[in-house]
Amino acid sequence: MDDLLTKNLTCKLCGHEVETLMARKSKQATVKTDSDFCVHYENEVPFYYNVFICPKCGYGFLENFKDPAKKMKEKIEPLPEDLTGKRDNQLAEKAYLRTLECARMQRESDPVMASLYLQLAWIYRYRGDEENEKTMLNEALGYYIDVYEKSDQGDVSKVLYLIGELNRRLGNNKDAVFWFSRLVNDQNCSQAMRHRARQAWQSLRE
Ligand SMILES: [Zn+2]
């Protein structure tokens, strides 16, 4: 249990004091990182614990979620499983599905939706479920495009890279090239991301 620590937080919907486990990020030994930043760990998977589920009302959330409308209480029910303890791949899937359900109902921001779908895709990748992985990558892609199109300031390098890379993983090679080239040719974007994009673009030509 050394890899995990207890976190106390208040449910944003019902006010219940939730005691839940989290992984110590810095303590986890990594095996490799995929081209879409999915990290593979030797033991505990920190991102399995990124979303919180209230055992009393079933609300799934992140700490930076908006405050939910009271009527949300009528729309969700507590889950049969307690998701505040150690999570394996199956329990992580359940926690993300519930959190996404709540996030959709309360119209969370595009960056939050994109990142939740991307992490759920990784959960399916871990278990070798390519069909569900692709469904979730496709959802994440849609939200990343919204993030890019609505952004009027800040660094969009990583968002542009992910749009290219998720297209590449989904077999949309033409779209991947379009987005990678956009990033490579944008002098305002980070050198590191442009380099990654150039390499990925190159791999599509081979
Ligand atoms: Zn609650």
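How many salt bridges are counted between domain 1 and domain 2? The count is 1 salt bridge. A salt bridge here is a side-chain nitrogen of Lys or Arg within 4 Å of a carboxyl oxygen of Asp or Glu. Arg169 pairs with Asp36 in a salt bridge, and their closest N and O atoms are 3.7 Å apart.

This is a predicted model, in which local features need pLDDT of at least 70, side-chain atom pairs count only at pLDDT 80 or more, and totals for chains, interfaces and linings use all residues. Residues are numbered from 1 along each chain as its sequence is written, and side-chain values use heavy atoms, with hydrogens and water left out.

**The two domains**

The chain is assigned domain 1 (4-143) and domain 2 (151-206). Such bounds come from an automatic or database domain assignment. Taken over C-alpha atoms, the domain centres are 27 Å apart. Domain 1 puts 12 residues into the contact and domain 2 puts in 13 residues. Contact means heavy atoms within 4.5 Å.

**The interface**

Together the domains bury about 1000 Å², with 71% of it on carbon and sulfur atoms. Buried area is the accessible area (1.4 Å probe) that two parts lose on being put together, summed over both. Ser35, Phe37 and Leu141 supply 58% of the area that domain 1 buries against domain 2, more than any other three residues.

Across the interface, 3 residue pairs are in polar contact, both residues being at pLDDT 80 or more. A polar contact is a pair of N or O atoms within 3.5 Å; within protein, one must be able to donate a hydrogen and the other to accept it, and residues adjacent in sequence count only if both atoms are side-chain atoms.

On the side of domain 1 that touches domain 2, α3 (110-126) and α4 (130-150) each supply at least two residues. The largest share, 6 residues, comes from α4. Helices (H or I, at least four residues) and strands (E, at least two) are DSSP runs, numbered from the N terminus.

**Two loop residues with positive phi**

Neither Phe37 nor Arg107 is a glycine, yet each has a positive phi.

| Residue | Phi | Loop | Relative accessibility |
|---|---|---|---|
| Phe37 | near 75 degrees | between β3 (30-33) and β4 (39-41) | 17% |
| Arg107 | near 50 degrees | between α2 (89-105) and α3 | 68% |

Buried means under 20% relative accessible area, exposed over 50%, and partly exposed in between (1.4 Å probe, protein chains only). Phe37 therefore counts as buried at 17%. Arg107, at 68%, is exposed.
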